[in-house]
Amino acid sequence: MKDLVQSVDLGVSRPKGVNVTRSKVWIKNELVRVGLAESICTYVMMVFGLGSVAQVVTGQGAFGQYLSINLGFGLGVAMGAHVGGKVSGAHMNAAVSFTMCAFGRLAWKMLPLYVFAQLLGSFLAAGTIYGVYYEAINDYCGGNLTVTGVRATAGIFATYPAPYLSLLAGFIDQVFGTAMLLLCLMALSDQKNKPAAAGSEPFAVGLLVLLIGISLGSNSGYAINPTRDFAPRVFTAIAGWGVDVFRSGNGWWWVPIVAPPIGGVLGAGLYKVLVELHHPVLPEQVGRLSHELEEETAPLEKHKNICADVCV
């Protein structure tokens, strides 16, 4: 997973004398490009993730089980990373963006853009899945849109805690889950350790999300992502589920917003303190640093020689 905002220039070979012109709608503003890419990759991830939940719930087990949801979100993350990875870094998660800012890998001024893009993509994805599964949802619940109960459907779009889970335990659950996410993301991108092979980063990140889902998901649905949870929750409040989406679970709605950024910083910080800061300097890195130092001091030496010639 790429941490920094990147742009891509595509080199196209062409015969001599043949002019290749860009489309008239080519967007040159990098902020716009980043925002669009982050929105669409979040949208892709959420469509596959929420769609897998909708299929399992409305199909009553005939079209998949809990593992289907884990696979849907895991592979959705992988596809989203392919869609926007080289443009925005495909964070798709406000906790990831916040952590990247906290560790200097993304400028703080970019955080509002990333959060807005992720909220927009998640909201549109929720609306899309609601439209695609509109009749299935109404057939399943008889037209009674509820947050709790045997025919509850609000959980298709946002996460809710298990009946036994307290707010404190749920908060810890979200902090820990997101910490594991960012700890492993830091490892996957650490070029001095065992990073994901070039080109395989989306698949590796998708496997990580799948792993978190099948090991840490039963307590509260492993939101580990503020924008993934809040935007669809707002959509359900508007679409007919009402304010109960904010009241349910003893007011659970704020936990997936506050806990993941805390967990993200803790997990990434733990990896940095225990692993990254202790990497030995490799011989080739010493040689490269010496070469760079020589290049930097060369103009100064030239300047001293010029001064000496003038003085003589």
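1. The pocket lining. Helix 1, helix 2 (66–84), helix 6, helix 7 and helix 9 (244–251) each give at least two residues to the lining of the largest pocket. The model discussed here is a predicted one. The volume of the largest pocket comes to about 1100 Å³. Its lining holds 49 residues, and Gly155, Ala158, Thr159, Ser220 and Gly221 are those nearest the centre of the pocket. By class, the lining has 32 nonpolar residues, 16 polar residues and 1 charged residue.

2. The overall fold. The protein contains 11 helices and 0 strands. Its pattern along the sequence is therefore written α-α-α-α-α-α-α-α-α-α-α, where helices are DSSP runs of at least four residues. Of the 312 residues in the protein, 44% are buried. If contacts between residues at least 6 apart in sequence are taken, 78% of them join residues at least 24 apart.

3. The nonpolar cores. How many residues does the largest nonpolar core have? There are 55, and Phe73, Ile137, Phe157, Leu181, Leu185 and Trp241 have the most contacts inside this core. Helix 1 (residues 30–58) is the element that gives the most to it, with 9 residues. A second core, separate from this one, has 5 residues, among them Leu165, Val175, Trp252 and Ala259. As background, nonpolar side chains in soluble globular proteins tend to be buried together.

4. The surroundings of Phe73. Phe73 is among the residues with the most contacts inside the largest core. With neighbours within four places in sequence left aside, Phe73 touches Met45, Met46, Gly49, Leu50, Val53, Val209, Tyr222 and Arg228. Two of these names return below: Tyr222 also lines the largest cavity, and Arg228 is also in contact with Ser122.

5. The cavity. The structure has 1 cavity of 30 Å³ or more. The space in the largest cavity is about 40 Å³. Which residues line the largest cavity? They are Asp173, Gln174, Gly177, Ile212, Leu216, Tyr222 and Ile224. Helix 6 (167–188) and helix 7 (201–216) are the elements that give two or more residues to this lining. Helix 6 gives the most, with 3 residues. The lining residues of the largest cavity comprise 4 nonpolar, 2 polar and 1 charged.

6. Aromatic rings. The count of aromatic pairs is 12. In one pair, the ring centres of Tyr130 and Tyr134 are 5.5 Å apart and the ring planes stand at 85°, so this pair is edge-to-face. The cut-off behind that label is an angle over 60 degrees. Is each partner buried or partly exposed? Tyr130 has a relative accessible area of 17% and is buried, whereas Tyr134, at 40%, is partly exposed. Both tyrosines belong to a cluster linked by ring pairs, which also includes Phe123, Phe157, Phe235 and Trp241. Phe157 and Trp241 were named above among the residues with the most contacts inside the largest core.

7. Ser122. This residue sits in helix 4 (residues 111–132). Ser122 has a relative accessibility of 1%, so it counts as buried. Outside its neighbours within four places in sequence, Ser122 is in contact with Thr42, Met46, Thr227, Arg228, Ala231 and Pro232. In sequence, Ser122 and Arg228 are 106 residues apart, yet their C-alpha atoms are 5.8 Å apart in space.

8. Gly89. Where in the chain is Gly89? Gly89 is in the loop between helix 2 and helix 3 (94–102). Its relative accessible area is 3%, so Gly89 is buried. Gly89 and Glu38 are separated by 51 residues in sequence, while the C-alpha to C-alpha distance between them is 7.9 Å.

9. Positive phi angles. Gln60 is not a glycine, but its phi is positive, near 50°. Gln60 is in the loop between helix 1 and helix 2. Its relative accessibility is 56%, so Gln60 counts as exposed. Asn250, also not a glycine, has a positive phi of about 60°. Asn250 is placed in helix 9. With a relative accessible area of 65%, Asn250 is exposed.

Technical notes: Residues are numbered from 1 along each chain as its sequence is written. This is a predicted model: local features need pLDDT of at least 70, side-chain atom pairs count only at pLDDT 80 or more; totals for chains, interfaces and linings use all residues. Side-chain values use heavy atoms; hydrogens and water are left out. A nonpolar core is a set of buried Ala, Val, Leu, Ile, Met, Phe, Trp, Tyr and Cys residues joined through side-chain atoms within 4.5 Å. Buried means under 20% relative accessible area, exposed over 50%, partly exposed in between (1.4 Å probe, protein chains only). Contact means heavy atoms within 4.5 Å. On a 1 Å grid over the protein atoms alone, a cavity is a set of points where a 1.4 Å probe fits but cannot get out, and a pocket is an open set with protein on both sides within 12 Å along at least five of seven lines; lining residues have an atom within 4 Å of a point. Grid points are joined across faces, edges and corners, and a volume is the space filled by probe spheres set on the points. Ala, Val, Leu, Ile, Met, Phe, Trp, Tyr, Cys and Pro count as nonpolar, Asp, Glu, Lys and Arg as charged, and the others, Gly among them, as polar. Rings of Phe, Tyr and Trp (its six-membered ring) pair if their centres lie within 6.5 Å; planes under 30 degrees apart count as stacked, over 60 as edge-to-face and the rest as tilted.
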